[in-house]
Amino acid sequence: MKTDQSKAAFEEAKQYIPGGVNSPVRAYRAVGLTPRFIDRASGSHIWDIDGNEYIDYIGSWGPNILGAAYEPVIAAVRERAGSGLTFGAPTRQETVLAKMIIDGVEAIEKVRLVNSGTEAVMSAIRVARGYTGRDKIIKFRGNYHGHSDGLLVQAGSGLLTGATPDSAGVPSDYTKCTLLADYNDTSSVQRLFDANPGQIAAVIVEPVAANMGVVPPKPGFLADLRQLTKEQGAVLIFDEVITGFRLAYGGAGAYYGICPDMVTLGKIVGGGMPLAAYGGKKEIMDQVAPEGSVYQAGTLSGNPIAVAAGIATLTAIREDLTIYDRMEAYAAKIEQAFKEKGKNVNRVGSLLSVFMTEENVVDERSAKTSDTKKFAEYFAQMMEQGIYIAPSQFEAMFISGAHTHEDLEKTLTAISNLRA
Ligand SMILES: *Cc1c(COP(=O)(O)O)cnc(C)c1O
């Protein structure tokens, strides 16, 4: 496979952009290869600038659930763009999208649109603090909630493979209100509540962890969090930036039948444009300015083009909810093929990961027992066979509604060709 063009583009980019990329995991450091510079994508396929074609299992890290360049979404963006890219004033379409989100996600009665998952989570936590009048929050080791200062503590994926476990440039005072619990371990949460009575504003969790590889919640774990936060008067926040509209239209909350107090959304909700959202119960969301005293704002928030892409995406999903069964059936066949090769796989719905360890992966500790060198070898073999997967042990494989029977056959063959 030729990668000369990508190599040259990467060398040039590195002179002007830190590491040559605008988000670290794109640099392929964890797998020691040259990142593919992308020319275009369509449906389930993506082409790099050397002309190589791949079956795409990254899907822009989640947003492309309908496949890339999905025609109704592109048409909506084209049409809206002709009327101006941004107004900094309200539009009726923002209410349309807000209603679609509220109809779909049980926990959300009111919602704010923002520009990125990072911003959604950062804002939700501020609101939870304003609402409870408490400062401390509990997060789980290996869960990622974006790159805001207070949350860059044992934060998974990009940081699990990086040389520095956490980030430089974050004053320790900024993270002293962030308490760490172990994923799938209710007793570690209970201990933090016991040690900090009346001081915990919120527990934030990825209901399915997908930034240390895919790690499902153990039966009862989410219900326990629901129970504990209720007893303690803390806000339960589901960070559904990946799982929202992916596990079900109503996200992981609907998939597991647990209703948190607040939910953050991103990735899919903007249909590939920079849009994210946070929402929850009315009485909580009414803390947000100008209604309440928690400040949060954005020049481009509710951007008309992003909103148009979001509406078109959610409309397409809602019109054919069989997408979830189709993606799941597809993902289950891939899981099966990996298992036949003796691989250790975790899967929830259309999200899956292969872990290069013998251990059952249930939390950050067990995820870290993975052999990342072995992962790099596996990654190279998949790419060489035209299967485009995330260049890190600690990211998910994303199935979309655009993957075809032919894609599946090719992928199964590639898996069966893997050398041990
Ligand atoms: C991607 C992600 C974020 C951050 O979203 P950005 O749009 O990259 O800022 C937050 N939480 C989770 C669970 C994510 O997967």
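1. Leaving aside neighbours within four places in sequence, which residues is Asn-346 in contact with? The list is Val-214, Val-215, Pro-216, Leu-351, Leu-352, Ser-353, Phe-355 and Val-361. Keep in mind that this is a predicted model.

2. Asn-346 is found in strand E11. That strand spans 344-348 and is among the elements on the side of domain 1 that touches domain 2. Asn-346 counts as buried because its relative accessible area is 8%, and the cut-off for buried is under 20%. Its side chain has a polar partner: a polar atom there lies 2.9 Å from the backbone oxygen of Val-214.

3. Now the overall layout. The domain assignment of the chain gives domain 1 as 4-69 + 321-416. Domain 2 is 71-319. The C-alpha centres of domain 1 and domain 2 lie 24 Å apart.

4. The interface comes next. On the domain 1 side, 33 residues are in contact with 38 residues of domain 2. Domain 1 and domain 2 bury about 2,800 Å² between them. Of that area, 66% is on carbon and sulfur atoms. In domain 1, Val-348, Glu-364 and Phe-394 lose the most area to domain 2. Together they account for 23% of what that side buries.

5. What about charge and polarity across the interface? The count of salt bridges between domain 1 and domain 2 is zero. Polar contacts are there, though: twelve residue pairs, with both residues at pLDDT 80 or more.

6. Which elements give two or more residues to the side of domain 1 that touches domain 2? They are helix H12 (323-340), strand E11 (344-348), strand E12 (351-355) and helix H13 (364-367). By class, this side of domain 1 has 21 nonpolar, seven polar and five charged residues.

7. A second residue to look at is Ile-258. Ile-258 lies in the loop between helix H9 (251-256) and strand E9 (262-265). Is Ile-258 buried or exposed? Ile-258 counts as buried, because its relative accessibility is 13%, where buried means under 20%.

8. Not counting residues up to four places away in sequence, Ile-258 touches Leu-222, Ala-223, Arg-226, Phe-238 and Gly-253. For a sense of distance, take Val-77. Ile-258 and Val-77 are 181 residues apart in sequence. In space they are 34 Å apart, C-alpha to C-alpha.

Technical notes
Residues numbered from 1 in each chain as written. Predicted model: local features only at pLDDT ≥ 70, side-chain atom pairs only at ≥ 80, totals over all residues. Heavy atoms only, no water. Domains from an automatic or database assignment. Contact = heavy atoms within 4.5 Å. Buried area = accessible area lost by both parts, 1.4 Å probe. Salt bridge = Lys/Arg side-chain N within 4 Å of Asp/Glu carboxyl O. Polar contact = N/O pair within 3.5 Å; in protein donor to acceptor, adjacent residues only side chain to side chain. Helix = DSSP H or I, 4+ residues; strand = E, 2+ residues; numbered from the N terminus. Nonpolar A, V, L, I, M, F, W, Y, C, P; charged D, E, K, R; others polar. Buried < 20%, exposed > 50% of the residue type's maximum accessible area, 1.4 Å probe, protein only.
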